[in-house]
Amino acid sequence: CKPCGVSLSTARVLLAASIFSLVPVAFGLHAVLSKPYMAQEEVNDVRLVGQSVGMLVKHMQILGIMADLSVEWPPILKPLFDIFVSIDLSFAQGIACAVEQQTATLEMGILWCFPVIVGAMAAVAALMSKPLSILFSCLPSCQSCEKWCSGVFKPLTSLHDVLRIVSWLCVLFYASLLKHGLMLFRCRSDPSGDDLVQSYPHLKCLSMEGLQASPESQQLLLPSLVYLVSLLTFCFGSLAYAVRVASRDMILSKLTNRGLWSHLLFGYRNAYIHWPMCIIAKDTLINLLPVVLRNHGSTQLLILSLITACYGYFCMKQAPFARWTNTIIDSLSSLFVCFICAMTAGMGFQTEPDIGDLAAHLGKDAYTDRAKIVLTLHIAAVVIPLVLVLYQAWVSVTCCRKRCPRCIRPRDGHEQQSRRIDLQRALSERNLRLIIERMDDVDFGRLIDLLQQSSATVGIVSGESSRISVLPRARLSQMVHALRSRSTDFCTKQFFQGVVTSDNQPDDRPQMYGCRTDSFDA
């Protein structure tokens, strides 16, 4: 317990002010999220900095979840974990100063109502936005900034505007929201052998082994299950619907538009708009570890390291983000978590049934040295991604980007266009045929993988040979109608050379090499 420091009435006023402060936040989010997706502006869009900040927030949520593992973390890590918990939306822990008596039911109820509170504040912002727009347009001081006011106080006129804000926040804080829903199932054994709720040790845990749970735990079981089902359905359903709508609109607009739900898919490459679903699936598995593997710290650390290592590897290999710095941030964050788990398990901080605390078996100096190493890893896991985020924010400003050394300065649109022109000149028909003839099987296989996995080849590579699983394959070849009749499979190097030198004229050479030349009709 901590002293409140303020009176009961003051605490209530501060609580109400903090809740209603979400109204201007809703205005700002609506102004940012309602900006239409433009493919040609994506790489240099400042909103990509916001995506990298969101990735850092998600990473700190995962580090906060690690505090609930069956690990006897050294006391020196407590200030760092307090910072992680502050990102964890655990604002209900300070609600005791605004009520007469604090209860676990009250805390959990407020945490579970976070999406509802956000939706209510967005609805209030929708009611206030139109009068505010009229008011600011009438003020003399704002006549010169009418465009700015109309952008910030853009009216929230539909239910979609409210759902846009709620869905974006729920996806951003999904790991923390799921953690709050699993509070009743996160248990730890006390010295007497009873399983108690980790966040509320006065409550006995729900168990299948015949242990009688506390009455308060039994009362909270049904609301907890309803909250979990609602959260999973809303988050996965929103992303699945966004991917479906985006794939349809991308086909109709030739990859230039992602529809009304593009705010959930912004910053991802066209072939990887489904990647947010992979992220929340990973967060779901991480949240389930302390529930399924209760009191088995070694197994928890092992599986968590495997999950994060696999995700980091595939993220680096697939590069799903439009900007390479975001790919590095996400991959490094996962690999840091994997490294922390491996070092923690190797140093013996995990707990297992019938095994004592490591501090009782080591000398003070040895335990302190190990604790400092773990602390250093946690600090590095936050500082290095933060440096990359700051670098991305720096280079997003034109005047700052020009002051960066050329070796770390990203290429602007003019430089990219010059490189494309030079590449087109170098890869003429004759040179390209020569390059393909000199390729070995490994190089040629990589070229085929690039052609089959890139969204840039849609309409040129046939739908059957394309491995873009998100977009409907039957419509891939119809996107570029002028190239539909020449949609073919690049199945052999000889046939690829024939296609390059065929001067865009169809021939019968594909049948000689056993290639399929299926064309997709309307």
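The exercises below work through a predicted model of one protein.

Residues are numbered from 1 along each chain as its sequence is written. Local features need pLDDT of at least 70 and side-chain atom pairs count only at pLDDT 80 or more, while totals for chains, interfaces and linings use all residues; side-chain values use heavy atoms, with hydrogens and water left out.

**Exercise 1. Overall make-up**

Task: State the secondary structure of the protein and the percentage of its residues that count as buried.

Solution:
- Step 1. The protein has 21 helices and two strands; these are DSSP runs, helices being H or I of at least four residues and strands E of at least two, numbered from the N terminus.
- Step 2. Of its 522 residues, 45% count as buried (buried is under 20% relative accessible area, exposed over 50%, partly exposed in between, with a 1.4 Å probe and protein chains only).
- Step 3. Take contacts (heavy atoms within 4.5 Å) between residues at least 6 apart in sequence: 67% of them join residues at least 24 apart.
- Step 4. The accessible surface is about 27200 Å², and 63% of that belongs to carbon and sulfur atoms. Accessible areas come from the Shrake-Rupley method with a 1.4 Å probe; for residues, only the protein chains shown count as cover.

**Exercise 2. Helix H11**

Task: Check the span of helix H11 (residues 275–292) against its number of residues, then find what covers its buried residues.

Solution:
- Step 1. The expected span of a helix is 1.5 Å times one less than its number of residues.
- Step 2. For the 18 residues of H11 this gives 26 Å, and the end C-alpha atoms are 26 Å apart, so the two values agree.
- Step 3. The buried residues of H11 include Trp 275, Ile 279, Ile 286 and Leu 289, and also Lys 282 and Asp 283.
- Step 4. Their cover includes helix H3 (47–66), H9, helix H10 (215–253), helix H12 (297–318) and helix H13 (324–347).

**Exercise 3. Salt bridges**

Task: Locate salt bridges in the structure and describe the surroundings of Asp 68 and Arg 186.

Solution:
- Step 1. The structure holds four salt bridges, each a side-chain nitrogen of Lys or Arg within 4 Å of a carboxyl oxygen of Asp or Glu.
- Step 2. One of them joins the side chains of Asp 68 and Arg 186, at 3.7 Å from N to O. Asp 68 lies in the loop between H3 and helix H4 (78–86), and Arg 186 in the loop between H9 and strand S1 (187–189), so the pair ties together parts that are 118 residues apart in sequence.
- Step 3. Asp 68 is buried at 16% relative accessible area, and Arg 186 is buried at 3%. Both belong to a network of salt bridges that also links Lys 179.
- Step 4. Within H11, Asp 283 pairs with Lys 282, their closest N and O atoms being 3.8 Å apart; both residues are buried.
- Step 5. Arg 248 and Asp 249 also form a salt bridge, at 3.3 Å from N to O. Arg 248 is partly exposed at 41% relative accessibility, whereas Asp 249 is buried at 14%.

**Exercise 4. Two buried helix residues**

Task: Describe the places of Ser 176 and Val 389, and which residues they meet.

Solution:
- Step 1. Ser 176 sits in helix H9 (residues 174–181) and is buried, with 0% relative accessible area.
- Step 2. Its side chain makes a polar contact of 2.9 Å with the side chain of Gln 61. A polar contact is a pair of N or O atoms within 3.5 Å; within protein, one must be able to donate a hydrogen and the other to accept it, and residues adjacent in sequence count only if both atoms are side-chain atoms.
- Step 3. Val 389 belongs to helix H14 (residues 364–395) and is buried at 5% relative accessible area.
- Step 4. Apart from its neighbours within four places in sequence, Val 389 contacts Ser 52, Val 53, Leu 56 and Ile 329. Val 389 and Leu 56 are 333 residues apart in sequence, yet 8.1 Å apart in space, C-alpha to C-alpha.

**Exercise 5. Positive phi**

Task: Compare the settings of Asn 295 and Ala 319.

Solution:
- Step 1. Asn 295 is not a glycine, but has a positive phi of about 70 degrees; for Ala 319, phi is positive and near 50 degrees.
- Step 2. Asn 295 is in the loop between H11 and H12, and Ala 319 in the loop between H12 and H13.
- Step 3. Asn 295 is buried at 16% relative accessible area, whereas Ala 319 is partly exposed at 24%.
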